[in-house]
Each structure stands twice: as C-alpha cells, then as structure tokens.
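Work through these exercises with the sequence and the model side by side. Try each task before reading its solution.

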Amino acid sequence: MTILVAGATGTVGSEIVRQLAEAGEKVRALTRNPAAARVPDGVEVAFGDLTVPETLAPALDGVTAMHLITFGGDADLQTGPEIVELAGRAGVRRISVLGSFYEGGVEAALRAGDIGWTHLRPVGFMANALAWAPSVREQGVVEVFGNLPGAVVHEADIAAVGVRALLEDGHAGAAYTITGPAAITPEEQVRILGAGIGRELRFVQLTGEQLRVQMEAAGADEEYIEFALLLGVAPPAEGGTVLPTVQEVTGRPARTFAQWVDGHADAFRP
Ligand SMILES: NC(=O)c1ccc[n+]([C@@H]2O[C@H](COP(=O)([O-])OP(=O)(O)OC[C@H]3O[C@@H](n4cnc5c(N)ncnc54)[C@H](OP(=O)(O)O)[C@@H]3O)[C@@H](O)[C@H]2O)c1
C-alpha cells in the first residue's frame, strides 16, 4: 500500500512524510516541483498540481491512503470534487485533510463522497514564529500585533495525528481540533525563544496602524491586512483553548513550545 502526501514539502506535510517513512510505510511525496523536493531516503517523489486534477492520475497509481491540503498556491482549492473522484477511482480508502475551522470545497467534496476521511483542524502553528527569525537574527527583536494567549501546536503533533488517521481504522468521520499543551501569549513565546537560543530578546507590541504600514510595505492585500488585524484582537475562541487531542489520538503528550525552539534554534541564530 502506498500513501500519497500532498503538501509534502511544507511545514506539516514534510513531517507526515518523515513520520510515515520512519514507521516503514511506502510514501509518495506530491509536489509541483520534484527537482527541488528534499525527502527522506526511500520516499518517492511525484509531480502533481492539485489545481490541475488531471496531473494527479500518475501520482495516485496504487495509492490506498492520502493526505490532502485544502489550498493550491495562495487560494482555496476549487478542484475538490475532481480530486475526490480521482482518489476514489484509484482505490484510496482513507484521507486525512489539513484544514482549519473554516470548511471549503475540499471538505464539501469529501462529505459528498464515500471515502473515509479525517479532518485535521490545528490551531495556530508554533512554526509561525519562524516569521520572527530575520528580526531576531539581525536585532534581537520581535514585533507583534496583539498579545492574546494561543494554544499553539507543534507541526510534528499535527502530523502525528494525521499519521494515525492514515494508518489506523477508527478515525473516519472525526474532526480533530489539534492544540499544543498550553495557551501562551506571543510575549511568553518570545521569552521561551530567548531562553532557548541563549539571547535576551526584546518584545515590541505594534499598534494596528504600525502593523498595517508594515504589511502594506510588504505588499499584502487589504483582505489579508484586515484578517491579521482581526486575528490580533479577536482570534477564534478555539485558538486559545487547550485540548487533549494529541494525547488521546497518539498516546503521547503534545510537544511544548520550548521543545519546538530546541528543534528550530538554528533559524534564529545570527
Ligand atoms: N499557520 C497556521 O497557524 C495554521 C493554523 C491552522 C491551519 N493552517 C492551515 O495549514 C495549511 C498550511 O500548511 P503548511 O504550513 O504545512 O503549508 P506550507 O508550509 O505553506 O506548504 C505548502 C505546501 O502545499 C503545496 N502546494 C501548494 N499549492 C499546491 C498545488 N497547487 N498542488 C500541489 N501542492 C501544492 C506545496 O508544495 P510544492 O510547492 O512543493 O508544490 C507545499 O508542500 C493551510 O491550509 C492553513 O489554513 C495553518
């Protein structure tokens, strides 16, 4: 049985690939750019673009389980029905989907189909802190808009839940909200990050106007700026609520932010 992983070069998908390969599973990594894909030894790489479903047929050959993402490039996938149909025809019996609290076309297509699927709904990623890496490396500073606690989650734990859903019976129909072990503010994250890399960091709280100016300078569109402004002051309640999902599904406690820093410290060092 081959497991096809979409998003395999991304934050969560690369962890799913790694964990499946470590477990001795036959894994195929889907990417639009096979030449650039870095995968563990023994993992196949297959070309495919989820926005162009006809490119997926060769990658789906012999696949019985599949990890899916809900976006293609920057936009929500509009090709859910075609992807689900192709997967069904290829013999896929289990699908895990990395989504969020807002359901889109991929989830709707899965609901309408008959393949057993599991919805992975992580809260904010610990890995979002990588956006701080340049200013930490260069000035020892982190600038953030909003300072509300979030139950941020390690990508390896999102992947671990997905891996269970791909390998075991009993997860079809489940929607797993996946969180870290504690709700911590960005300021606390910065303190933990500083302790982990052995450097005192300065936490600066931006005003909404300062965030807008920075995002406009970076070329963000108005919709994205409004979304970031809203997230800073009124994030979804789920984002700050710790749940036992990782422990219950994987049998292991959720990784802490200090553990995440330990695994990513090099990105923050000059
Ligand atoms: N960041 C958060 O805090 C957060 C919280 C909750 C949910 N989420 C959800 O997590 C998802 C992002 O996951 P991530 O951070 O792991 O992704 P990521 O690191 O941004 O990686 C994107 C991946 O998607 C693949 N991809 C993009 N367009 C594709 C297409 N048209 N066809 C095939 N592959 C395509 C890319 O592969 P190639 O470039 O190699 O083709 C790459 O592997 C989003 O759905 C987001 O809503 C994020």
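**Exercise 1.** In which sense do strand 7 and strand 8 pair, and over how many bridges?

*Solution.* This is a predicted model: local features need pLDDT of at least 70, side-chain atom pairs count only at pLDDT 80 or more, and totals for chains, interfaces and linings use all residues. Residues are numbered from 1 along each chain as its sequence is written. Find strand 7 at residues 94–98 and strand 8 at residues 116–122. Strands (E, at least two residues) and helices (H or I, at least four) are DSSP runs, numbered from the N terminus. Strand 7 and strand 8 pair in the parallel sense, over 5 bridges. Pairing requires that DSSP finds at least two bridges between two strands. Check one position: V97 stands opposite H119 in strand 8.

**Exercise 2.** Place the strands in their open sheet, and explain why strand 3 and strand 10 stand at the edges.

*Solution.* Start with the order, which is 3-2-1-4-7-8-10 for the 7 strands, with parallel pairing. Strand 3 (44–47) and strand 10 (175–178) each have a single partner strand, so one side of each is left without a neighbour in the sheet. Now add the twist: it averages 20° from one strand to the next. Finally, lay helix 4 across strand 4 (63–69), strand 7 and strand 8; helix 4 runs at about 155° to strand 7. Angles run from 0 to 180 degrees between N-to-C directions, and axes are lines fitted to C-alpha atoms, for helices over the stretch in contact.

**Exercise 3.** Describe how helix 3 packs on helix 4.

*Solution.* Take helix 3 (residues 80–90) and helix 4 (residues 105–112): their axes come within 8 Å and cross at roughly 45°. That makes helix 3 oblique to helix 4. Angles under 35 degrees count as roughly parallel, over 145 as roughly antiparallel, 65 to 115 as roughly perpendicular and the rest as oblique. Next, list the contacts (C-beta atoms, placed from the backbone, within 7 Å). G80, P81 and V84 in helix 3 meet G105, V106, A108, A109 and L110 in helix 4. By class, this contact has 6 nonpolar, 2 polar and no charged residues. Ala, Val, Leu, Ile, Met, Phe, Trp, Tyr, Cys and Pro count as nonpolar, Asp, Glu, Lys and Arg as charged, and the others, Gly among them, as polar.

**Exercise 4.** Which element supplies the largest share of the shell around the ligand?

*Solution.* Count the shell: 26 residues surround the ligand, each with its C-beta atom, placed from the backbone, within 6 Å of it. The closest are G10, T11, T31, R32 and G72. Helix 1 supplies the largest share, 3 residues. By class, the shell divides into 10 nonpolar, 14 polar and 2 charged residues.

Conventions. Contact = placed C-beta atoms within 7 Å. Near = placed C-beta within 6 Å.
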